[in-house]
Each structure stands twice: as structure tokens, then as C-alpha cells.
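Let's explore a protein model together, one question at a time. Have a look at the structure first, and then we'll work through it.

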Amino acid sequence: MTRRSIVILALVAALGLAALAGSVSAQTPGVTATEIKVGNTNPYSGPASAYGTIGKGLAAYFKKVNDEGGINGRKINFVTLDDGYSPPKTVEMVRRLVEQEQVAFVFQTLGTPTNSAIHKYLNQQKVPHLFVATGATKWGDPQNFPWTMGWQPTYQTEGKIYAQYVLKNVKDPKIGILYQNDDYGKDYVKGLKDGLGDAAKKLIVLEQTHEVTDPTIDSQIANLKNSGANVFYNVTIPKFAVQAIKKSHDIGWRPLHLLNNVSASVDVVLKPAGLEASKDLLTALYLKDPTDPQWKNDQGMKDWLAFMQKYYPDGNTKDVFNVYAYAVAQGLVHVLKQCGNDLSRTNIMKQAASIKDLSLPLLLPGIKVNTGPNDFYPIEQEQLAKFDGERWVLFGEIYDAGKK
Amino acid sequence: MTGPGAWRRAVVLASVAAACALPFVLSNFRLFQFTQVFIYAIALLGLNILTGFNGQISLGHGAFYGLGAYTTAIMIDKWSVAYGWTIPVAGLLCLVVGFLFGIPALRLEGLYLALATFALALAVPQILKYFEHWTGGSQGIVLSKPDAPFGLKLSSDQWLYFVTLGVLVVLFLLAANLLARRTGRAIVAIRDNPIAAQAMGINNALYKSLTFGVSAAYTGVAGALSALAIAFVAPDAFNVFLSITFLVGIVIGGLASISGAIFGALFIQFVPNWAQDISKAAPWAIYGIFLILFMYAMPRGIAGSLRLAWGRLARLRAAR
């Protein structure tokens, strides 16, 4: 009897100790029984403040998640700070998030230079740097930066998709390129050239660049027309995309016009450029465009509109950034659910790197999120769409840059 | 009775001693913030020598800050130079560039000079993007934080804090010496009455260009230190807003005051953060209110008001 009670006592004590040890080792900064603290920076002020709506959209979505009971009983405490798109400020704010606020991880920090500034720091601190909001290629490098992961298709991915299409469908292609003279433009061009492979030198007949500060790009368009190109690869931001579409229409140049996804918004680009002039444009999409009438009765879009009305009534329902925010927030919620009760930083990263065929309601039908220990590019699929004068008509297969 | 000079020395020594103790009390993050305060203070002192003491308004000191930062970054990144050497080089380069810019700027007075320097601030981010081979374009250059040498048991934040504090103390002593003597009196005389200054035999053109050079050198050193502290440079960090922030700093801190640079630096480092903590929706409106309140309550800046208060106190005591 006494021996048994001693054994039981010892067992209970051992179990208690184990439980204690377990709970101690699982203690991640920012994680309690009722809360997960998530850090973020966004440019709410400064030159890139148009992106600020993404941060607000994320906060609104997490409020919805919390109202519905949170994730495995934990509410998300979303701490988002303004960095004004200034890298030194981002460093300060992210250090504040990690060292003062003690967040569990950093999510959706926005901008290429701003994320570059904190890339090394977060990896040294072993703090997950999840789903960064930039299309640069360097965020998917698990060998050297195992704590950083991208989200959206990279610019190079998109360029490769256009190359595949051109090689397969255009007879005797002569490609003329217009791109913005910076990393964004160059990334797109590199993707196309990589996709074309050895044929790139022969097929590209003219490359024209412009500065983001140029008033117009009329002469570049004229040069491209005179080069005899029958494919126009248009890598410009909305302001210049409008000009390029208008000008090439006005001077009667009718190439196969590949418009980069950055400027694919119907309301912002195609309507100002003229719907007639925009006809037959080609682009690659992965998100549903809220201004595209074909999604009017789509359940995902309806849910999103209801969400916007209830949780983010100031938000612009024509702004694709708000669609983007909703989709990426859902991606994070998926990862956190998958973590179960083990919210250690290692497990958060591990789960982020094991997303299998996740469909999200605002991604195009058929596009799935996939990651792996050696694949830190969550979305690598896009589908081509042709503008019919009113909306983007998706066609053909879903291109997957991850498969090679 | 001790004179005001002795009092001032005591206050300065006490502040330096307090600053030396901070790294063993504060967290690394707070230290990083104070390192930034010191960096800003050096830049503000540079601008204050030009604007406060010499009366030349510059809206373009962010450009020299950027030049200093890139000098350090490129030297470390491309030529693997030890970081310690890059700081004086950044200062010297900015001295030369500032001096050369000061020569044509001689023809411009007041607001016209402000516009010319504003152009500098506008141009620099684009120039940095243009020389992509050197500057890394808009991706910038990533650096490593320097570790403490000689096996000192300091974190890299603590070490950088001490480096910055050391540079700050040296540069502040140099500036105090410069401004308290003949050169300083000439610089101030040019501000107060250029014609009278010339009549007294001061070479206005030379002094103005030199002041511009020295001012740019201070700001360049600050930029070099910022590159080390942030461990990253990118064109977007050196925009027009930075130049305007410097101007805000010297006005709030106190024009033509050496200690004003410290107060101004504290303001530009911490007030935007407080503003954000008070209201996420309109942080810059709150910042604006702070700015107006400070200007209303302390029209001569923080340093000027402190001096005024000190003077009153001394008079009260003398009357008793």
C-alpha cells in the first residue's frame, strides 16, 4: 500500500514536472494561453502610403478572427507600426516589435528596401519573418535565410510565364520590351529572358527603359513600333501603363500586348486608357480583381464585401490591395491553425513551410498555395487572361513556375 | 561663488558620465534608439553651425547624410575597409563636397539658398539609384554590425553606442572650440551683418564656403555612423523628409546653440514614436500639435528656453 502510493506519488510528480518542463520549453515570446502577438510594419505615411491599406485590412481581418473566437482559443494581437517606407525606421520599429513588444513573429512587412534592412536581423534573432509583401525574388532562400518567407508570385515568376506563352503560341516572335529602370523592372525582364532561354537574344528586338520620374513614354513607344516588334512586353506601373496602352493604340501599333500584373486593374488602368484600346491585352493573374464584373456572384467575393462593410468600412472596395490583405491574412490563419498548440518559433516556421494545396477564396479558381522545406515561394501559379473590352477572361492552363 | 563656466562644465561632465552608464542599465533596443539620438545630434550640430550660427538655410543636409552613409557602406562592401577608417573618410569627402557646393551657393541668399539645397535633397535618392553598380540601386547595400574589438564583453549595440558617443563628444568639443574663438565670431558676424563683417576684414566668401564644408562634414560623419548602426543603406532612407526633419530638429532644439543639437535629436527621435502611440490614425497630426506647442512655449527652442530660465534664476538669486 505505501509502496504503491509512493509509486503513484512519484508518477504524479514526474508527470507534473514533465508538464512544467513542457510548458517552459514551449514558451515563445508573445504567446500565452489566450493570445498570439503578431508584429507588422506598413507605410501608413510617406511616399508609399497607398500600400497602408494592406495593414489596415490585415488588422480588420484579425478582428474578425478574434470576434469569431480566435485560433485554437487564442486571440491575435496584431501590433502594426508605421515605418513611412524608410528602411532605418523599419529597423527601429521591427526591433521594437521583437525586443520591446515581444511579438511571436513578424508578418507581412511591406516593401523591398524596408525588408532588406531587417532580413539579416530577423534571421539572426531566429524570429519568423513570414509572407513579406514584396515581389522580389530574394525572399525564398531557405538555405541562407531559413526564417524569411515570401508570399506573392515573384516578378520573375510572372516573366517566365509570359515567356512560356510566347514560345508556345506566337509564330516568329519579335519581342519589344518597355520597363521601369529599377529592380522591379529588371526582375520582370530577367524572368522573361530566363523563360526564353537561349532564344532570348534572337527574339528580343528592342529594350526600352524609362525612369519613374519621366513625364511621358511616347518616344519609347514609337521606337518600339519602329523596331518591328510583334510582341510588346509592358513592364510599367499604372501611370505609365495607361500612357503605353493609349499611345500604342493611337499610333496604330497592334502587337500582342503583355501587360504586367502590377497594372492589371480594370478601374485604375484599363478604364482611363480606354476600354477599346485595352482590348486583347494579356496579363497574368492570381487574385480576383474586385472591379472585374465576372466575380459579382462569386461566394468568396461576396464574403469579402460583407467583411469590408462590417470590419473595414473606410476601405476602398475597388482596391485590389484590400483583396490581397484578406487573402494573405487567411494564409496566416491557416498556418497558425496548423501549428495546433505548439506555437514555438521553430514550429511556426515549420508549418509555414508545409502548406499543401491550400485554396483561398480570393485566389483564382485552381490556384493553390504550396510550400516545402526547400520551397519558400507560397504562390507560384498564375493564369493568363485576355481583356475582352469589359473584363479579364481567363484562358488556358494554370501556369506553375514551381514545376520545371 | 562659481562662475557659469564651471557650472556648465559640471553639467557636461555629469551628462557624459550618465551617458556612459546607460549601456549597463538599458536594453539593447533602447541603446539602439539612443545611438540614433547621438547620430542625429551630430548631424543637427552640423546643420546648426551652418544655419544657426552662420545664417545659411539648408534644406538639403539629408544629401550629405546620405553621402556619408554610402561612403561607409561602399568602402566596407566593395573594398572591405575596416569600418573605423570609413568614418573620417566620409567626413572628409563631405567636407570637400560641401565646400565646393558652398562656392556657387555664395551667390544665393536666404530662401534662394534654401531652394538650391532643396534641389540637392531631391536629387540624391535618384543619383544613388543611377550608380547602381556602386550603390546597389534601390535594393541598397546590406552591412554587418561591427562587433566589439579586443574581446570586450559588449554586445554590438553597446559597442556602437560607445563609438557613437565617443565621436559625438570629440565633435562637440571641436565645435565648441571652433565657435568660441575668432573663427566662430567671424561666422556669427557674417550672419548678423555681412557688410559690417566684411568691413572688419573678414573674408565672407571663404568663411561661408568653409562653414558649409564643416557643416557637411559633421552631417556626413553622422551618416556614416547611421550606416553602421542600421547596417543597411538604401536611397529611400535619404529623402527630402530627412532634410526637413533635420531643420525641425535644430529649430526645436535651439538655433545657434550647441546643446540644442542634443535636445533637437531627442525630439526628432522620440516624438514621432509617441505621436504614433497616441494615435495610429493621425500620427502626423499629433506630431504637428507637438511642434506647434513647442514653438509656442519655447520660441527659442529648448536650449534657448533653458538658458533663459537659468538666467532668470541667477538674477533672482543675485537680487536676494
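Domain bounds here come from an automatic or database domain assignment. Keep in mind that this is a predicted model.

Q: Which domains does the assignment give for chain A?
A: Each domain of chain A is built from two stretches of sequence. Domain 1 takes 35-153 + 297-373, and the other, domain 2, takes 155-285 + 384-400.

Q: How many residues of domain 2 of chain A are in contact with domain 1 of chain A?
A: The centres of the two domains of chain A, taken over C-alpha atoms, are 30 Å apart. On the domain 1 side, the touching residues divide into five nonpolar, four polar and one charged. Those ten residues of domain 1 meet residues of domain 2 numbering eleven.

Q: Which helix gives the most to the side of chain B that touches chain A?
A: Chain A brings 21 residues to this contact, and chain B brings 22. On the chain B side, the elements giving two or more residues are H2, H5, H10 and H13 of chain B. With four residues, the top contributor is H2(B).

Q: How are H11(B) and H14(B) oriented to each other?
A: The axes of these helices of chain B come within 3 Å and cross at roughly 5 degrees. Angles under 35 degrees count as roughly parallel. Therefore H11(B) and H14(B) are roughly parallel.

Q: Which residues of H14(B) make the contact with H11(B)?
A: The residues of this contact divide into four nonpolar, two polar and no charged. H11(B) contributes Val251(B), Ile252(B) and Gly253(B). From H14(B) come Gly301(B), Ile302(B) and Ala303(B).

How values were computed: Residues are numbered from 1 along each chain as its sequence is written. Chains are lettered from A and ligands numbered from 1 in the order in which they are written. This is a predicted model: local features need pLDDT of at least 70, side-chain atom pairs count only at pLDDT 80 or more; totals for chains, interfaces and linings use all residues. Two residues are in contact if their C-beta atoms, placed from the backbone, lie within 7 Å. Ala, Val, Leu, Ile, Met, Phe, Trp, Tyr, Cys and Pro count as nonpolar, Asp, Glu, Lys and Arg as charged, and the others, Gly among them, as polar. Axes are lines fitted to C-alpha atoms, for helices over the stretch in contact, and angles run from 0 to 180 degrees between N-to-C directions. Angles under 35 degrees count as roughly parallel, over 145 as roughly antiparallel, 65 to 115 as roughly perpendicular and the rest as oblique.
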